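This report walks through one protein chain, from its overall make-up to a sheet, a few backbone features and its salt bridges. Please keep the sequence and the structure open while reading.

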Amino acid sequence: MTAVEECMNLPAGSVLEANKNRSLPNVKNIIPIASGKGGVGKSTVSANIALALVRSGARVGLMDADVYGPSIPTILGISEKPVQANRRILPVIRYGLKVISMGFFVPVNEAVIWRGPMLHKMVSDFLELVDWGELDYLMIDLPPGTGDVPLSLCQTIPLTGAVIVSTPQDVAWHVAQKAIVMFDKLNTPILGVIENMSHFVCSHCGSTEEIFGSGGAKKAAETLEIPYLGGISLDTSIRLTSDAGEPIVHGNPEHLAAKAFIQIAERLVSLVNIRNTQGGCRNVPVKIGPVNQPQIQIEWNDGKKSSFTPKALRMVCPCAACVDELTGAKKTDPLGIADGLRAVAIQPVGRYALHIIFSDGHATGLYGFELLRKLDSSGSS
């Protein structure tokens, strides 16, 4: 009997083992969202990032693997239960997002008291027995820490990469690093770090306070050469919309906090695309610059030197705002890019991309090292 069958009070074999498929061929990217400590807002971040991906036109699933404290059903306002069809479990669909959670199978006032083998079975069931259909992204909200669930996940199915959520203070980041070490030992790349509750903006006077400190996760990510995806403010609106079952990205997408989630999702998409197209590129820049000049110069570790005009790079920006994710069609109008465009900032992102901010305000482009090498070889510089 599987864990899902037991929780749904179904007879053993109700869900056919033959339906299992560990490779999930119809799911393009599987991305767990993890934290070292509890209480850093990981589930809220997971739900809003998933909904931001849905807004971009992607097909997205959200698997709530936080067995002991499943909160995704509450955050998304889901009260209905999954149903069976053709001996598969159909995820609940909310706001265009496919969702499965242990919270669907256990009464609110009951606790899940499971040891490792049952936890492993639950992870397998959610991956293999749920009919996810075709997805661009399956986001997985992990429980805090480095226990059985993330271990089982990494050992069960290939992952695109993990996202780490932390708050700014040292105590949270020190524990978050344990999750990074775990994923590293399990050969799962870290796609990036999100700093939640990075600051508080008073709704009355507009003043900003750094209640938990500021920039701790960002600085640590830079030290570890891990991409920093962005920061989310400590905002009452995020809490209110989550409590109401309508996360802020869906309920109020024009809110500044919602825009922060959306921008993080766009950057995550860019990093995933880079990972999928180039893997681990061996050629990395050793010297970059200067900014605010007609040419961007890059010197590589193999001695090669590249030169690009900012306009040429702006025209091939691979971000979701410039390229339709589903069709690959370019959205950028060349006539709308000035000849005198400059790069005002160039920052390495881990060991596989450059983040370039242009003088026209465009700041969501991540340029993979392999892409830059190809552009130089093709004469597109």
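Two strands are taken to pair if DSSP finds at least two bridges between them. With that in mind, K287 stands opposite E299 in β13, in a model that is predicted.

**The chain as a whole**

The protein chain holds 12 helices and 17 strands, and 51% of its 381 residues count as buried. Its exposed surface comes to about 16,800 Å², of which carbon and sulfur atoms supply 51%. Among contacts between residues at least 6 apart in sequence, 69% join residues at least 24 apart.

**The sheet of β12, β13 and β14**

Three strands make up an open sheet in the order β12-β13-β14, with antiparallel pairing. Because β12 and β14 stand at the edges and have a single partner strand each, one side of each is left without a neighbour in the sheet. Neighbouring strands of this sheet are turned by 15° against each other on average, when direction is ignored.

Four bridges join β12 to β13, and four bridges also join β13 to β14, which covers residues 305-308. On the β14 side, Q297 stands opposite S307, while the bridge partner of I298 is S306.

Which residues of β13 point to the buried face? The side chains of I296, I298 and W300 point to one face and are buried, whereas those of Q297 and E299 point to the other and are not. In a regular strand, the side chains alternate between the two faces of the sheet.

Both connections in this sheet are hairpins, with six residues between β12 and β13 and four residues between β13 and β14. In the β12-β13 hairpin, N292 takes a positive phi near 55°, and in the turn between β13 and β14, G303 has a positive phi of about 95°.

**Backbone features to check**

Most residues other than glycine have a negative phi, and most peptide bonds are trans. A cis peptide bond, with omega about -5°, joins G289 and P290, and P290 lies in the loop between β12 (285-289) and β13 (296-300).

Elsewhere, the loop between β3 (83-85) and β4 (88-90) contains N86, whose phi is near 55° and thus positive in a residue other than glycine. R87 lies in that loop between β3 and β4 as well, and its phi, near 60°, is also positive. With a relative accessible area of 74%, N86 is exposed, while R87, at 44%, is partly exposed.

**A buried position in helix α10**

I262 is found in helix α10, which covers residues 256-278. Is I262 buried or exposed? Buried means under 20% relative accessible area, and I262 has 18%, so it counts as buried. Leaving aside residues up to four places away in sequence, I262 touches A52, R55, V249 and P253. I262 and A50 are 212 residues apart in sequence, yet their C-alpha atoms are 9.5 Å apart in space.

**Salt bridges**

A search of the whole structure finds 13 salt bridges; three pairs among them are listed here.

| Pair | Closest N to O distance | Relative accessible area |
|---|---|---|
| D141 and K42 | 2.8 Å | D141 0%, K42 6% |
| E254 and K259 | 3.7 Å | E254 56%, K259 41% |
| K304 and D376 | 3.0 Å | K304 29%, D376 15% |

D141 forms its salt bridge with K42. Since D141 lies in strand β7 (residues 135-141) and K42 in helix α2 (residues 42-55), the pair ties together parts that are 99 residues apart in sequence. D141 is buried, and K42 is buried too.

The side chains of K304 and D376 also meet in a salt bridge. K304 lies in the loop between β13 and β14 and D376 in helix α12 (residues 369-378), so this pair ties together parts that are 72 residues apart in sequence. Here K304 is partly exposed, whereas D376 is buried.

In the pair of E254 and K259, E254 counts as exposed and K259 as partly exposed. Finally, K28, R59, E134 and D136 are linked in a network of salt bridges.

Key
Residues numbered from 1 in each chain as written. Predicted model: local features only at pLDDT ≥ 70, side-chain atom pairs only at ≥ 80, totals over all residues. Heavy atoms only, no water. Helix = DSSP H or I, 4+ residues; strand = E, 2+ residues; numbered from the N terminus. Buried < 20%, exposed > 50% of the residue type's maximum accessible area, 1.4 Å probe, protein only. Axes fitted to C-alpha atoms, helices over the stretch in contact; angles between N-to-C directions. Contact = heavy atoms within 4.5 Å. Areas by Shrake-Rupley, 256 points an atom, 1.4 Å probe, with all protein chains shown as cover. Salt bridge = Lys/Arg side-chain N within 4 Å of Asp/Glu carboxyl O.
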